Amino acid sequence: MHIIPVIDLKDGLAVAARQGKRQTYRPLASPLCPQPELPAVIRAYLSVFPFRTFYIADLNAIEKNGNNHALITRMLQAHSDISLWIDSGTDPFINDNSVSFRDRVSNVLGSETGISIEQLDHYTRKSDCILSLDYRGGELLGNPDLTAQPSRLPQRVIVMNLERVGSHAGPDLEHLSSLLHRLPGKQVYAAGGVRNAEDLRRLAGHGVHGALVATALHDRTITSEHLQQFNMDVQDVN
């Protein structure tokens, strides 16, 4: 069970994401991390657990309003042992003209951009990519045919339930189970709604490969002790 902390960046600061309503996002201030600067957020997450992979949503890039690439680059330079999954919309952090950090960065391509199977093929050939299937109200945002040809999708697939992000509503296990059957052989990652260690155990029990988590870490409903015990439990099962 791969647990990945999430950071949403907007205008150079980390923001608190709630139900995908990006116009309402405000600079992050939480029990875990009262400061919204990226270095402080990284330090806070690492104080909980020695995470080696982080997910970053560059909201400026996603909304086509600039990007936070320079800030992300400084983070990669400061933490040589960390890898990133970066969602930059249609402006991938790693592209044809950028080879630095290629071995430590995976582009996340969100269905909300309207990406096609053919575009996925292109990006997958150029770099290590991850597909994010973005859902709102049970409906896939973007190309409805993306799940019709699972063999052409990247190996790693995020199932992003936007309305559950930051909601403490719990993951949508029924929907995840359905997608697991439709995407055989794929590593499926759940995003949105994870509340506590029990949710992580339930996801693992359903065959979900990993989870993207933010609010539960910031609110301390998932703690160092939970993660250490959960990690040992998973190792025992394996």
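**Cavity, pocket and helix faces in a predicted model**

The largest cavity is lined by Val159, Asn161, Pro171, Asp172, His175, Leu176, Ala190, Ala191 and Gly192. The model that contains this cavity is a predicted one. The volume of the largest cavity is about 70 Å³, and the count of cavities of 30 Å³ or more comes to one. Three elements, namely strand E9 (156-161), helix H5 (173-182) and strand E10 (187-191), each contribute at least two residues to the lining of the largest cavity. Sorted by class, this lining consists of five nonpolar, three polar and one charged residues.

Helix H5 may be considered next. Its buried residues are Leu173, Leu176, Ser177, Leu179 and Leu180. Viewed down the axis of H5, these buried residues fall within an arc of 165°, and they therefore line one face of the helix. The face turned away from the buried side of H5 carries the exposed residues Glu174 and His181. The cover over the buried residues of H5 includes strand E7 (129-136), E9, E10 and helix H6 (197-205). Strands E9 and E10 thus appear in two roles: each supplies residues to the lining of the largest cavity, and each is among the elements that cover the buried residues of H5.

A comparable arrangement can be traced in helix H3 (residues 69-78), where His69, Leu71, Ile72, Met75 and Leu76 are the buried residues. Because they cover an arc of only 160° around the axis, they lie on the same side of H3. Gln77 and Ala78, on the other side of H3, are exposed. The elements against which the buried residues of H3 pack are E1, H1, E4, strand E5 (83-87) and strand E6 (105-110).

E1, H1 and E4 also belong to the surroundings of the largest pocket, where each supplies at least two residues of the lining. Strand E2 (13-16), helix H2 (59-62), strand E11 (210-213) and helix H7 (215-218) likewise each provide at least two lining residues. The largest pocket has a volume of about 550 Å³. Its lining comprises 41 residues, of which Val6, Asp8, Ala17, Val165 and Ala214 lie nearest the centre of the pocket. By class, the lining of the largest pocket divides into 25 nonpolar, eight polar and eight charged residues.

The aromatic residues offer a further view of the structure. A pair of aromatic rings is described by the distance of the centres and the angle of the planes. The structure holds four aromatic pairs. The ring centres of tryptophan 85 and tyrosine 189 are 4.8 Å apart and their planes stand at 80°, so this pair is edge-to-face. The pair links distant parts of the chain, since tryptophan 85 lies in strand E5 and tyrosine 189 in strand E10, 104 residues apart. Both tryptophan 85 and tyrosine 189 are buried.

One aromatic cluster is formed by Tyr45, Phe49, Phe51 and Phe54. Within this cluster, phenylalanine 49 is found in the loop between H1 and E4. Phenylalanine 49 counts as buried because its relative accessibility is 18%, and the cut-off for a buried residue is under 20%. The C-alpha atom of phenylalanine 49 is separated by 25 Å from that of leucine 173, a residue 124 positions away along the chain. Leu173 is itself one of the buried residues of H5, the helix with which the lining of the largest cavity is partly built.

Methods
Residues are numbered from 1 along each chain as its sequence is written. This is a predicted model: local features need pLDDT of at least 70, side-chain atom pairs count only at pLDDT 80 or more; totals for chains, interfaces and linings use all residues. Side-chain values use heavy atoms; hydrogens and water are left out. On a 1 Å grid over the protein atoms alone, a cavity is a set of points where a 1.4 Å probe fits but cannot get out, and a pocket is an open set with protein on both sides within 12 Å along at least five of seven lines; lining residues have an atom within 4 Å of a point. Grid points are joined across faces, edges and corners, and a volume is the space filled by probe spheres set on the points. Helices (H or I, at least four residues) and strands (E, at least two) are DSSP runs, numbered from the N terminus. Ala, Val, Leu, Ile, Met, Phe, Trp, Tyr, Cys and Pro count as nonpolar, Asp, Glu, Lys and Arg as charged, and the others, Gly among them, as polar. Buried means under 20% relative accessible area, exposed over 50%, partly exposed in between (1.4 Å probe, protein chains only). The arc is that of the directions from the helix axis to the C-beta atoms. Contact means heavy atoms within 4.5 Å. Rings of Phe, Tyr and Trp (its six-membered ring) pair if their centres lie within 6.5 Å; planes under 30 degrees apart count as stacked, over 60 as edge-to-face and the rest as tilted.
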